[in-house]
Amino acid sequence: MSSHSIDSARLLGRIRMLGDIGRDVDGRLSRLAASDAEKLGRDQFVTWIADAGLEVAVDRIGNIFGIWRACGITDEKPVILGSHIDTVIDAGIYDGCYGVLSALEVIQTLKEDGFVPSRPIVVAAFTNEEGVRYAPDMMGSLVYAGGLAVETALATVGTDGTILGGELGRIGYAGPHEPGFLSPHAYIELHIEQGPVLERESITIGAVESVQGISWQRVTVEGDANHAGTTPISMRRDAGHAAARVITFLRDRAKNSNSPTVATVGCISFEPNAINVIPSRATLTVDLRDPDEERLRQAEAALVKFLDAISQEEHVEVSVERLARFEPVRFDQRIVAKIEKAAKDRGLTSRRMTSGAGHDAQMIARIAPAAMIFVPSIAGISHNPKERTNDEHLIAGVNVLLDVVGELAREVTW
Ligand code: HGY
Ligand code: MN
Ligand code: MN
């Protein structure tokens, strides 16, 4: 257990302060990637890392890094810790931001306490983890890990018709560094669980050993607009009704699957979207997830089959666009064990678990040993302004992060 201890008031104050940055006129927190609201959050984070005496670096996809090269160490691979500060729409204040600000707090504490690492220690805030404005999600870390060409990512068209590269340039975060310019010795991410498991089992620390697979698609159903009053049901090519059948099919299949498969239709729109016009077009997003790759493939295949059937029965055309596809990821068991030991040394309960949510760690795991630390979410709520974690758990998580990072940063390359 480290002899250092973080400045809890500084950390909790920053979480709350960042949580107030970028709210809309209704007070909702919607700091979407590369938006004006997110620029305000980015600027505040850069100020904090610069004030902490870290070297600020931004790469071409807008990932922000605060680099501590103690004693001028440059040739050793760094320990990188971080997460993201972009949010979903009407978000809570902990998702991503807790991990980034805790990472900064750990580095600042170690630096202030005169800790002497054998390698640089770096805080990272990855661009567009949420994928709400530009798909796929975890985009900045995916590009950083070499899973998506930076030019392709920069050319991504957003749900609002903007181009990511143009937006990053407009907000001043189209940085000079090539993604991947720092090759990590290890990567570790602290995050709220965003689900009900830890709270339900009264466990404080999640030693996350894997992340489930994710499949995102956009489905477009084309029918015929027609009069809501004069058109007999038998003559309709109703894109809205066909879309509704897709939603209930996905939910019923997941519910009856006796497996952890989950399915969500988070976005839907009708055209022309008028009360007395049969929808000519319905556009919906499908988010399928499963910890098992084979079951995830089966879920995708079942959807294809259902869409074929729907197009026959409802006399509509259906097209599908792939938005994201990530297989399940296993983290580095050596680091997971360090997390469990750090929790135990601090007298904290812990359990191994799979992450239901996607995270930047699953991308960085492609290029370095990586793992995650979870703390409980009250009532398992997240992606919702009611997202909460109590201060005692927030601090417990950062202390475990501090201990694990202290160990990883002392490791010499053998
Ligand atoms: O979609 C996710 O799981 C993450 O919040 N981007
Ligand atoms: Mn997150
Ligand atoms: Mn999220």
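# Notebook: Glu 293, the manganese pair and ligand 1

I began with Glu 293, which counts as buried because its relative accessibility is 14%, under the 20% limit for that class. I note that the model is a predicted one.

**Entry 1. Glu 293.** I placed Glu 293 in helix H9, which covers residues 293-313. I then looked up its polar partner and found a contact of 2.8 Å between the side chains of Glu 293 and Arg 325. Setting aside neighbours within four places in sequence, I listed Arg 325, Glu 327 and Pro 328 as the residues in contact with Glu 293.

**Entry 2. Pro 376.** I located Pro 376 in the loop between S14 and H12. Its relative accessibility is 6%, so I recorded Pro 376 as buried. Not counting residues up to four places away in sequence, I found that Pro 376 touches Leu 198, Glu 199, Ile 203, Thr 204, Arg 388, Thr 389 and His 393. I also checked Pro 376 against Arg 325: the two are 51 residues apart along the chain, and 27 Å separates their C-alpha atoms.

**Entry 3. Manganese ion, ligand 2.** Which residues coordinate this ion? I found His 84 through NE2, Asp 95 through OD and His 191 through NE2, at 2.1 to 2.3 Å. Along the chain, these donors of ligand 2 follow the spacing H-x10-D-x95-H. His 84 and Asp 95 are eleven residues apart, and I placed both in the loop between strand S3 (79-83) and helix H3 (97-112). I looked up the accessibility of each. His 84 has 0% relative accessibility and therefore counts as buried. Asp 95 is buried as well, with a relative accessible area of 6%.

**Entry 4. Manganese ion, ligand 3.** I recorded the protein donors of this ion as Asp 95 (OD), Glu 130 (OE), Glu 130 (OE) and His 383 (NE2), at 2.2 to 2.6 Å. Glu 130 thus appears twice in the donor list. The donor residues of ligand 3 are spaced D-x34-E-x252-H in sequence. Here the site links distant parts of the chain: Asp 95 is in the loop between S3 and H3, whereas His 383 is in the loop between strand S14 (370-375) and helix H12 (391-410), 288 residues apart. His 383 has a relative accessibility of 43%, so I entered it as partly exposed.

**Entry 5. The metal pair.** What separation do the two manganese ions have, and which residue coordinates both? I read 3.6 Å between ligand 2 and ligand 3, with Asp 95 as the bridging residue.

**Entry 6. Ligand 1.** I listed the residues around ligand 1 as Glu 129, Glu 130, Asp 137, Met 138, Trp 216, Arg 289, Ala 357, Gly 358 and His 383. By class, this shell holds three nonpolar, two polar and four charged residues. I then looked up the polar atom pairs. A nitrogen atom of ligand 1 is 3.2 Å from a polar side-chain atom of Glu 129. For Glu 130, a polar side-chain atom lies 2.9 Å from an oxygen atom of the ligand. The side chain of His 383 places an N or O atom 3.3 Å from an oxygen atom of ligand 1. On its own, ligand 1 has 220 Å² of accessible area, and the protein covers 95% of that.

**Entry 7. Cross-check.** I compared the lists for shared residues. Glu 130 and His 383 are donors to ligand 3, and both also belong to the residues around ligand 1.

Definitions and conventions. Residues are numbered from 1 along each chain as its sequence is written. Chains are lettered from A and ligands numbered from 1 in the order in which they are written. This is a predicted model: local features need pLDDT of at least 70, side-chain atom pairs count only at pLDDT 80 or more; totals for chains, interfaces and linings use all residues. Side-chain values use heavy atoms; hydrogens and water are left out. Donors are N, O and S atoms within 2.8 Å of the metal (3.2 Å for Na, K and Ca); water is not among the atoms, so sites may look incomplete. Helices (H or I, at least four residues) and strands (E, at least two) are DSSP runs, numbered from the N terminus. Buried means under 20% relative accessible area, exposed over 50%, partly exposed in between (1.4 Å probe, protein chains only). A residue is near a molecule or strand if one of its heavy atoms lies within 4 Å of it. A polar contact is a pair of N or O atoms within 3.5 Å; within protein, one must be able to donate a hydrogen and the other to accept it, and residues adjacent in sequence count only if both atoms are side-chain atoms. Accessible areas come from the Shrake-Rupley method with a 1.4 Å probe; for residues, only the protein chains shown count as cover. Ala, Val, Leu, Ile, Met, Phe, Trp, Tyr, Cys and Pro count as nonpolar, Asp, Glu, Lys and Arg as charged, and the others, Gly among them, as polar. Contact means heavy atoms within 4.5 Å.
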